[in-house]
Amino acid sequence: MSDWTDAARKLADEVTAAAPEWHDSVSSTPRHQLVPRWWEPIPDSYPFAWGLRTPKPDQQWAEVYADETLVTRVGALHADYADLSDRPAGLPTSSSTLPGLIVRMLHLLDPHKHDQVLDVGTGSGYSAALLAHRLGDKQVTSIDLDPYLVDAARERLADFGRTPRLEIADATGSLPDTNYDRIMATVAVRPIPPAWLDALRAGGKIVTTITGTSLMINADKHPDGVVRGHVQPDPATFMRTRRETDYPARLDHVFNAARDQPGDETRQLTGPIPDLWDDWQLRCLYELDTPDIENRSATRDDGSQLLWLLAADGSWARADSETKTIHQSGPRGLWDDLQRVQARWTAAGRFPLDTMTVELREDRNALIGPDGHWTLEL
């Protein structure tokens, strides 16, 4: 393709089939100007590393206008500042989210003409661009903690005529204004910051995801001040909010202890090892019940499975389908916690998580099961 507009129109055709009101915004937004270069995983790298992607013009349209997330920053190194020789090995700290997910969230957000919209997590500026194209620049405020991201997005948006309000702000702190009709976040939070609930007008709507889970919620503010809504059926995951340049390092020191050593407690494995990647609903319930547990898994050549659960306090558990054993160590029984959550969900009929309702108050956030008897605090 010789012109980016053809590629953008093709992307719009793909991602707005269920949200046609956003077709013109997607087809009119030059994503390549917002994301000129990005990071891609280096295949078979060990330790895991990233390489810089700077596509040639004849390749750019197909790659930039794919429905894919483009990682723009790894650790503290943004792709804009990187050299081709750089090989960062950290976690992604900023990205341009796949357009299809942004459009799905915007469709749920359902902003109307004259609505004031807060876009939390400026990133590359893509979601702010879509909102500003449809609603007008004056209706959109976008915030990010990172000064470079805000400055770069402001400059790049202005290059194609978009001038929404962009501000440097901590999403979990004070907001630039105190009256919004819609709030959409492309960073994950837990709990929902009280400032968001206070700034949302009655009748307004929040669309966001919950830190550590794949749960997206869509909720409306009622006249009594409570924001009520539902979990959405499809999983969606965003980077969590942060105040530092990078996220905390992974728990390698705990994993080294848990890899193949005997635990303080050993017992027989009495059933299959849960797959916390494929069974994302169980993974979400476990995270909500027992937050910030890192899980790792492996499959041996003979097909046998291993699962490790790791906590920052040094607690760990290892399940091994070959030896049919569970090992646990540390102040907490992480395998016990997982089994308890799994058993309770099974007893409740393994209800789909999109049957859960959400109630957001400034002093309490809760997800409530369909029978009303299982409440999980955010």
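R340 has a relative accessible area of 42% and counts as partly exposed; by the cut-offs used, buried means under 20% relative accessible area, exposed means over 50% and partly exposed lies in between, with a 1.4 Å probe and protein chains only. The model is predicted, so local features need pLDDT of at least 70 and side-chain atom pairs count only at pLDDT 80 or more, while totals for chains, interfaces and linings use all residues. Residues are numbered from 1 along each chain as its sequence is written, and side-chain values use heavy atoms, with hydrogens and water left out. Helices (H or I, at least four residues) and strands (E, at least two) are DSSP runs, numbered from the N terminus.

**Helix 11**

- Helix 11 covers residues 334–347, 14 residues in total. From first C-alpha to last it reaches 20 Å, close to the 20 Å expected at 1.5 Å a residue; the expected span is 1.5 Å times one less than the number of residues.
- The buried residues of helix 11 are L334, W335, D337, L338, V341 and W345. They cover an arc of only 160 degrees around the axis, which puts them on the same side of helix 11; the arc is that of the directions from the helix axis to the C-beta atoms.
- An α-helix has 3.6 residues a turn, so residues three or four places apart point the same way.
- The buried residues of helix 11 pack against helix 10 (280–289) and against four strands: strand 13 (265–268), strand 15 (305–310), strand 16 (316–320) and strand 17 (325–329). Contact here means heavy atoms within 4.5 Å.
- G349, just after helix 11, takes a positive phi of about 85 degrees.

**Salt bridges**

- The whole structure holds 27 salt bridges, each defined as a side-chain nitrogen of Lys or Arg within 4 Å of a carboxyl oxygen of Asp or Glu.
- R340 pairs with D289, and their closest N and O atoms are 2.8 Å apart. R340 lies in helix 11 and D289 in helix 10, so this salt bridge ties together parts that are 51 residues apart in sequence. D289 is partly exposed, at 27% relative accessible area.
- D220 and K205 meet through their side chains at 2.6 Å, N to O. D220 belongs to strand 11 (residues 216–221) and K205 to strand 10 (residues 200–210), so the pair ties together parts that are 15 residues apart in sequence. K205 is buried at 11% relative accessibility, whereas D220 is partly exposed at 28%.
- R9 and D6 form a salt bridge at 3.2 Å, N to O. Both lie in helix 1 (residues 4–15), three residues apart, about one turn of the helix. R9 is partly exposed at 41% relative accessible area, and D6 is partly exposed at 37%.
- A network of salt bridges links R250, D252, E294 and R296.

**The ten-stranded sheet**

- Ten strands form an open sheet of mixed pairing, in the order 8-7-6-9-10-11-12-18-19-20. Two strands pair if DSSP finds at least two bridges between them.
- Strand 8 (165–168) and strand 20 (375–377) stand at the edges with a single partner strand each, so one side of each is left without a neighbour in the sheet.
- On average, neighbouring strands of this sheet are turned by 20 degrees against each other, direction ignored. Axes are lines fitted to C-alpha atoms, for helices over the stretch in contact, and angles run from 0 to 180 degrees between N-to-C directions.
- Strand 9 (residues 180–189) and strand 10 run parallel and are joined by six bridges. A188 has T209 in strand 10 as its bridge partner.

**Helices on the sheet**

- Helix 6 (residues 126–135) packs on the sheet, where it touches strand 6 (117–120), strand 7 (140–144) and strand 9. The direction of helix 6 makes about 165 degrees with that of strand 6.
- Helix 10 lies across strand 10, strand 19 (364–368) and strand 20, and runs at about 60 degrees to strand 20.

**Strands 18, 19 and 20**

- Strand 18 (residues 357–361) and strand 19 run antiparallel and are joined by five bridges. L360 stands opposite N365 in strand 19, and the two strands form a hairpin with two residues between them.
- Strand 19 also pairs with strand 20 in the antiparallel sense, over three bridges. A366 stands opposite E377 in strand 20.
- The hairpin of strand 19 and strand 20 has six residues between the strands, and G372 in the turn has a positive phi of about 75 degrees.
- Strand 19 is mostly covered, with four of its five residues buried.
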